[in-house]
Amino acid sequence: MLQPEARNPRRDWLGVLARAPAPVLEAALASIGTLPAYKRLRPPEAGLVMARGRIGGDGNPFNLGEVAVARCAIAMDGGILGVGYALGRDLRKAEVIAVLDGLLQQPSWHGRVASEVLEPETARQTQSRTERAAKVAATRVNFFTLVRGE
Amino acid sequence: MSALQARAPAPGFQAPVADSQIAFRALLGALSSPGRMEAISASHEAPAPIGPALGAACLTLLDYDTPVWLDPVLGPEVIAWIAFHTGAPVAFAPERSAFAVILSPGSMPPIDSFALGTDEAPETGTTLLVQVPDLREGRGLHWSGPGIAGRRAVGIEGMTPGFWARRHGMGDLAPRGIDVFFFAGNRVVGLPRTTRVEV
């Protein structure tokens, strides 16, 4: 878990967008209507990145394996850089994330994109995580040892 | 909000796979037929003063594995463009570089101050990417050696007599040496280590 002072809103919204289902993002983009023009700095592409992990959340990191990642970078007016990274090979999703990231950095767009995409999606992800945690918690088994006395 | 805004560099290749293959083929042709002009037509928007051919060569050849020495005349916009699109680390010492991007050949470090490679790994010599005002076929210094039938006259505008003398003075280091590409506009000429230039 990140310390509060290390939290960066852009990092947070990029995470939410990366976890969001592609149709949700696509629908959100469509509902925004006319988009500002943008240029592709790095056209959408798929590649592999090494995922690292730690057993039990601590210990030394090890290479878990390679995962497919799609990425894209776009430039909007005023030299704003939007980037999109998402697990998988959905190139269109990476581009949509990059566009939304570019919009979220602009004060004139931020409020609208945040209320139409970011907030509902953050709520949905939080809820699904809570539900999953609750389901997992229900199956918890506590082991204990009876004291065998004389 | 402004603290969150990221600054965008200029676009790179629009079709990375095809464009880098086109550029690589042209560079290969240039190096295997020294002095013959090749054209590179690949789509990108390298910031000035990087021309179309030099820009395409940078995007094609550089990556995170190749330390690159950058001409001090290059501004932050160019440095950011190279860093964003290639991920190549900057080499501060010429002899530690795999590639060197040179736009002011008049004030470049001496050619033999770059990496010459070793007898075991001659490919680790620096490849110089030099942008010059103009390239001419048929007039200029006489080149000969592998890949050239007889002799070929090649004019590289902007290279000082000192550069040619220094290169000549390096003598025969085979298999070590330094390969050079000269760029002007969208054209490129290759000067491999094996070519002899009459000075």
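This is a walk through a two-chain structure, from the contact between chains A and B to the cores, a sheet and a helix pair. Keep in mind along the way that the model is predicted.

Let us start where the two chains meet. Chain A brings 15 residues to the contact and chain B brings 11 residues. On the chain A side, at least two residues each come from helix H1 (9-19), strand S1 (38-53), strand S3 (80-87) and helix H4 (107-138). S1(A) gives the largest share of that side, with 6 residues. Sorted by class, the side of chain A that touches chain B holds 7 nonpolar, 3 polar and 5 charged residues.

From here, turn to the interior. The largest nonpolar core has 56 residues, and the members that touch the most others are Ala57(B), Val68(B), Leu129(B), Phe181(B), Phe182(B), Phe183(B) and Val188(B). Helix H2 (residues 52-61) of chain B supplies the largest share of this core, namely 7 residues. Leu129(B) is a good place to look around. Leaving aside residues up to four places away in sequence, Leu129(B) touches Leu54(B), Ala57(B) and Cys58(B), as well as Phe99(B), Ala100(B), Val101(B) and Ile102(B), and also Phe181(B) and Phe183(B). A second core, separate from this one, has 26 residues, including Ile80(A), Ala86(A), Ala98(A) and Val99(A).

Staying with chain B, you can next pick out an open sheet of 3 strands, in the order S6-S5-S9 and with antiparallel pairing. Its edges are strand S6 (152-156) and strand S9 (196-197) of chain B, each of which pairs on one side only. Strand S5 (residues 135-144) of chain B is joined to S9(B) by 2 bridges, and these two strands run antiparallel. To find that pairing in the model, look for Ser144(B), which stands opposite Arg196(B) in S9(B).

Finally, return to chain A for a pair of helices. Helix H3 (residues 91-104) of chain A packs against H4(A) at an angle of about 130 degrees, and their axes are 7 Å apart. Because of that angle, H3(A) counts as oblique to H4(A). Which residues meet here? From H3(A) come Leu100(A), Leu103(A) and Leu104(A), and they meet Trp109(A), His110(A), Val113(A), Ala114(A) and Val117(A) in H4(A). By class, this contact of H3(A) with H4(A) has 7 nonpolar residues, 1 polar residue and no charged ones. H4(A) also links back to the start of our walk, as one of the elements that supply at least two residues to the side of chain A touching chain B.

Note on methods:
Residues numbered from 1 in each chain as written. Chains lettered and ligands numbered in written order. Predicted model: local features only at pLDDT ≥ 70, side-chain atom pairs only at ≥ 80, totals over all residues. Contact = placed C-beta atoms within 7 Å. Helix = DSSP H or I, 4+ residues; strand = E, 2+ residues; numbered from the N terminus. Nonpolar A, V, L, I, M, F, W, Y, C, P; charged D, E, K, R; others polar. Core = buried A, V, L, I, M, F, W, Y, C linked by C-beta atoms within 7 Å. Buried ≥ 20, exposed ≤ 12 C-beta atoms within 10 Å, placed from the backbone. Pairing = 2+ DSSP bridges. Axes fitted to C-alpha atoms, helices over the stretch in contact; angles between N-to-C directions. Parallel < 35°, antiparallel > 145°, perpendicular 65-115°, else oblique.
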